[in-house]
Amino acid sequence: MPDGLDGDLLERFVQGDQAAFESLFRQFEADVYRWIVRIVRDRSAADDVLVEAFWRAYRGRAGFDPTRSFGAWMRRIASNAALDHLRAARTRAGWRTADDRIPSAPPPDRAIVATLALVEEQPYAEIAEALDLPVGTIKSRVFRATRLLRKELARLGITT
């Protein structure tokens, strides 16, 4: 098993066994929570997103392949739930800047890629798997983010 999990446990989860789901929740709750916090940057929001992510996993359990990594599958679900949360928050807030000369924030998934790669130092392959994007796309977005950051720093008179 890719996660080192008992195949029987994963099979029981797919079949809807409540005890199997609870066992997986206990094993992955902390890791998934940390993953979500990296994306949403708000611990109280991460609590809600965590519940939503595991609820989505439970509802979609029939589509899970027990021979694959449960952790990777859960990170993908958590990433999608976190991105949905950020999109909803952006819509509610209107995402306006106080100064028209300052560009508005990039779309959440692009900002998240840059944050996960440059700040959190997550491996490109892990980011790609969680966001369901090719590794090349992750590399490209990190390159662009780095270029934009350098340009903005230069504009502010900060040399790298």
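Q: Which residues of helix H6 are buried, and what makes them so?
A: In this predicted model, the buried residues of helix H6 (residues 124-131) are Ile127, Ala128, Ala130 and Leu131. Buried means under 20% relative accessible area, so each of these four falls under that cut-off.

Q: What follows H6, and what is the sign of its phi?
A: Asp132 follows H6, and its phi is positive, near 55°.

Q: How do you know whether Ala45 is buried or exposed?
A: Ala45 has a relative accessible area of 7%. The cut-off for buried is under 20%, so Ala45 is buried. Ala45 lies in helix H3. Between Ala45 and Leu86 there are 9.7 Å in space, C-alpha to C-alpha, and the two are 41 residues apart in sequence.

Q: How much of the protein chain is buried?
A: Of the 160 residues in the protein chain, 34% are buried.

Q: Why is the pair Glu52 and Arg56 called a salt bridge?
A: The N to O distance between the side chains of Glu52 and Arg56 is 2.8 Å. A salt bridge needs a side-chain nitrogen of Lys or Arg within 4 Å of a carboxyl oxygen of Asp or Glu, so the pair qualifies. Both residues belong to helix H3 (residues 43-59), where they are four residues apart, about one turn of the helix.

Q: What makes Glu52 and Arg56 partly exposed?
A: Glu52 has 29% relative accessibility and Arg56 has 23%. Buried is under 20% and exposed is over 50%, with partly exposed in between, so both Glu52 and Arg56 count as partly exposed.

Q: How do you know that Asp84 and Arg56 form a salt bridge, and what does the pair tie together?
A: The closest N and O atoms of Asp84 and Arg56 are 2.8 Å apart, and the limit is 4 Å, so this is a salt bridge. Asp84 lies in helix H4 (residues 70-93) and Arg56 in helix H3, so the pair ties together parts that are 28 residues apart in sequence. Asp84, with a relative accessible area of 34%, is partly exposed.

Q: What makes Glu152 and Arg155 a salt bridge, and how far apart are they in helix H7?
A: Their closest N and O atoms are 2.6 Å apart, and the rule asks for within 4 Å, so Glu152 and Arg155 form a salt bridge. The two are three residues apart in helix H7 (residues 135-155), separated by about one helical turn.

Q: Why does Glu152 count as partly exposed and Arg155 as exposed?
A: Exposed means over 50%. Arg155 has 60% relative accessibility, so Arg155 is exposed. Glu152 has 32%, which lies between the cut-offs of 20% and 50%, so Glu152 is partly exposed.

Q: Which residues are joined into one network by salt bridges that share partners, and how many salt bridges are there?
A: Glu52, Arg56, Asp84 and Arg87 are joined into one network by salt bridges that share partners. The count of salt bridges comes to seven.

Q: Why are H2 and H3 called oblique?
A: Helix H2 (residues 18-40) and H3 pack at an angle of about 140°, and their axes are 9 Å apart. Roughly antiparallel requires an angle over 145 degrees, and roughly perpendicular covers 65 to 115. The angle fits neither range, so the two helices are oblique to each other. The crossing of H2 past H3 is right-handed.

Q: Which residues make the contact of H2 with H3, and what is their make-up by class?
A: H2 contributes residues including Phe21, Phe25, Phe28 and Glu29, and H3 contributes residues including Arg43, Leu50, Phe54 and Tyr58. By class, the contact has 14 nonpolar, one polar and three charged residues.

Q: How do H1 and H2 pack, and what is the hand of their crossing?
A: Helix H1 (residues 7-14) and H2 pack at an angle of about 120°, with axes 8 Å apart. H1 passes H2 in a left-handed crossing. Leu9, Leu10, Arg12 and Phe13 of H1 make the contact with Ala20, Phe21, Ser23, Leu24 and Gln27 of H2. By class, this contact has six nonpolar, two polar and one charged residues.

Q: What is the pattern of the protein chain along the sequence?
A: The pattern is α-α-α-α-α-α-α, and the secondary structure comes to seven helices and zero strands.

How values were computed
Residues are numbered from 1 along each chain as its sequence is written. This is a predicted model: local features need pLDDT of at least 70, side-chain atom pairs count only at pLDDT 80 or more; totals for chains, interfaces and linings use all residues. Side-chain values use heavy atoms; hydrogens and water are left out. Buried means under 20% relative accessible area, exposed over 50%, partly exposed in between (1.4 Å probe, protein chains only). Axes are lines fitted to C-alpha atoms, for helices over the stretch in contact, and angles run from 0 to 180 degrees between N-to-C directions. Angles under 35 degrees count as roughly parallel, over 145 as roughly antiparallel, 65 to 115 as roughly perpendicular and the rest as oblique. A crossing is left-handed if the near helix is turned anticlockwise from the far one by less than a right angle, and right-handed if clockwise. Contact means heavy atoms within 4.5 Å. Ala, Val, Leu, Ile, Met, Phe, Trp, Tyr, Cys and Pro count as nonpolar, Asp, Glu, Lys and Arg as charged, and the others, Gly among them, as polar.
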